[in-house]
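Student: I have a model open and I'd like a close look at one part of it before wandering further. Could you walk me through it?

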Amino acid sequence: MKKQYLLAPGPTPVPPRVLQAMSLPIIHHRAPAYKEVFEDVREGLKYLFQTQQEVLLFAASGTGAMEGAVANLFSAGDKVITVNGGKFGERWGQITNTFGLEVITVDVPWGQAVEPRRIADLLAENDDVRGVFIQASETSTGVAHPVREIAELVREREDTIIVVDAITGVGVFALPLDAWGLDVVVTGSQKALMLPPGLAFAALSEKAWKFNATSTLPRYYFDFAKELKNALKGQNAYTPAVSLVIGLREVLAMIREEGLENVFARHERLATATRAGVQALGLDLYAPDAPSNAVTAVCVPAGVDGQDVVKTLRTTYGVTIAGGQDQAKGKIIRLAHLGYVDDLDVITGLGALEMALMDLGYDLNERSAVRAAQMILRRK
Ligand SMILES: *Cc1c(COP(=O)(O)O)cnc(C)c1O
């Protein structure tokens with residue numbers, strides 16, 4: 001017998017309480033029973049997104065909400081800036097290009113955060129920039145971009161909005177939509193929201209809704225205005241992913257019970273312990289200057305292939321983590337610590353990593369990641 005441990009940056013483990021709620025017989029999405037669930041979900045999402053605005057939901061993976069944000073807020077030929085410091089920043093570039101926007105790409109070396117100065121300069125040089133697209137947490141590199149600072153640059157401009165892919169940000173660290181003046185925040189169900197894949201979310205500021213009123217790009221399923229109109233009547237425009245929405249109600253109740261501030265503190269604590277653990281092994285962080293609290297990207301030691309580490313962890317120890325993509329392939333591993341994760345999950349992940357590294361011939365030299373993490377996580 002071997003247990004399976006999911007320590008990848010999505011999908012993430014689903015709490016038993018949520019699995020149980022989702023296993024109940026399906027209810028009809030136009031019946032009062034669903035309406036009741038949806039009312040709770042709408043309230044809970046506002047708490048989670050720290051906003052008074054409605055949070056829209058779609059039956060899609062997170063990318064659906066990213067595409068929706070482009071299609072609902074801009075018009076062909078609009079000039080936008082995309083921050084490209086990894087696979088998901090690259091995706092903003094692909095989507096905005098697909099919809100015929102004029103894209104200025106800010107290339108950022110992998111493992112680094114964008115410097116707000118670069119965005120400030122571009123905005124100063126281009127007073128017709130209508131949107132800035134960024135990741136709150138670039139999951140492919142483990143970097144947290146300075147969203148708050150960039151939102152401040154955009155906030156003072158009437159005709160520019162900031163669009164934040166917070167798919168591994170929401171529910172991990174603070175991204176208060178209203179307080180920071182974020183214009184669009186999107187996320188998905190299978191990361192910090194502790195659900196199976198299949199729900200995408202988007203919340204818009206008043207300023208972003210004004211952009212929606214004048215945007216002329218084509219859209220059908222991902223029609224934000226239509227979804228808002230329905231949400232205000234306690235409905236979804238189309239058949240929602242009913243079971244996932246029922247699970248979401250449970251997740252939002254859990255987040256409320258823990259308290260959002262405590263949720264953020266837990267993620268910070270787990271991230272801190274993970275970083276300390278891998279550094280104690282003599283490994284370098286891939287994003288030392290701006291590490292995300294969602295996932296820790298670690299450089300594998302010389303002579304070890306990161307893909308072998310991922311494979312050994314999965315096949316020998318039943319632990320699923322992520323490797324690197326593209327230029328980081330084989331060079332890094334990514335240990336996630338977001339969602340339904342606690343202290344002993346981190347200890348498990350680090351312990352398994354030690355074993356895998358030894359199996360692959362890396363001499364730990366008496367060093368211990370587990371011990372370093374324990375010193376941070378023990379409660380006395
Ligand atoms: C997971 C993720 C996405 C979306 O991926 P989907 O497969 O569409 O859910 C987008 N951006 C970031 C930063 C992510 O971590």
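Student: Which residues in α5 meet which residues in α6?

Tutor: Quick caveat up front: this is a predicted model. On the α5 side the contacts come from Pro 116, Ile 119, Ala 120 and Leu 123. Facing them in α6 are Glu 149, Ile 150, Leu 153 and Val 154. An α-helix has 3.6 residues a turn, so residues three or four places apart point the same way. That is a handy thing to keep in mind when you scan the numbering of both lists.

Now the geometry of the pair. Helix α5 covers residues 116-125 and helix α6 covers residues 147-155; their axes come within 9 Å and cross at roughly 15°. Angles under 35 degrees count as roughly parallel, so α5 is roughly parallel to α6. As for handedness, α5 passes α6 in a right-handed crossing.

Next, a look at the strands that follow in the numbering. Strand β5 is residues 129-135 and strand β8 is residues 161-165. β5 and β8 pair in the parallel sense over five bridges, and one pairing you can click on is Val 132 with Ile 162 in β8. β8 also pairs with strand β9 (residues 184-188), again parallel, through three bridges. There, Asp 165 has Val 186 in β9 as its bridge partner.

β8 itself is mostly covered, with five of its five residues buried. Ile 161, Val 163 and Asp 165 point one way, while Ile 162 and Val 164 point the other way. So if you colour by burial, Asp 165 shows up as buried along with the others in β8, where buried means under 20% relative accessible area.

For contrast, try another helix pair: α12 (residues 306-317) and α13 (residues 343-359). Their axes come within 9 Å and cross at roughly 110°. That makes α12 roughly perpendicular to α13, and this crossing is right-handed. The α12 side brings Val 309, Thr 312, Leu 313, Thr 316 and Tyr 317. They meet Ala 352, Leu 353, Met 355, Ala 356, Leu 357 and Asp 359 from α13.

Stay on Asp 359 for a second. This residue lies in α13 and is partly exposed, with a relative accessible area of 45%. Leaving out residues up to four places away in sequence, Asp 359 touches Thr 312, Thr 316 and Tyr 317. To tie this back to β8, Asp 359 and Val 163 are 196 residues apart in sequence and 44 Å apart in space, C-alpha to C-alpha.

There is an antiparallel sheet to look at too. Three strands form an open sheet in the order β11-β14-β13, and the pairing is antiparallel. β11 and β13 stand at the edges with a single partner strand each, so one side of each is left without a neighbour in the sheet. β11 (residues 295-299) pairs with β14 over five bridges, with Val 298 matched to Ile 333 in β14. On the other flank, two bridges join β13 (residues 322-323) to β14, and Ala 322 stands opposite Arg 334.

β14 (residues 332-336) is mostly covered: five of its five residues are buried. Ile 332, Arg 334 and Ala 336 point one way and Ile 333 and Leu 335 the other, all of them buried. Helix α11 (residues 260-280) lies across β11 and β14, running at about 10° to β11.

One more stop, for a polar side chain with plenty of company. Asn 72 lies in helix α3 (residues 62-73) and is buried, with a relative accessible area of 0%. Setting aside neighbours within four places in sequence, the contacts of Asn 72 are Phe 211, Asn 212, Ser 215, Arg 219, Phe 222, Asp 223, Phe 224 and Ala 225. Take Arg 219 from that list: Asn 72 and Arg 219 are 147 residues apart in sequence, but 7.2 Å apart in space, C-alpha to C-alpha.

Back to where you started, then: the α5 and α6 axes cross at roughly 15°, and Ile 119 and Leu 123 are among the α5 residues in that contact.

Conventions: Residues are numbered from 1 along each chain as its sequence is written. This is a predicted model: local features need pLDDT of at least 70, side-chain atom pairs count only at pLDDT 80 or more; totals for chains, interfaces and linings use all residues. Side-chain values use heavy atoms; hydrogens and water are left out. Buried means under 20% relative accessible area, exposed over 50%, partly exposed in between (1.4 Å probe, protein chains only). Helices (H or I, at least four residues) and strands (E, at least two) are DSSP runs, numbered from the N terminus. Two strands pair if DSSP finds at least two bridges between them. Axes are lines fitted to C-alpha atoms, for helices over the stretch in contact, and angles run from 0 to 180 degrees between N-to-C directions. Angles under 35 degrees count as roughly parallel, over 145 as roughly antiparallel, 65 to 115 as roughly perpendicular and the rest as oblique. A crossing is left-handed if the near helix is turned anticlockwise from the far one by less than a right angle, and right-handed if clockwise. Contact means heavy atoms within 4.5 Å.
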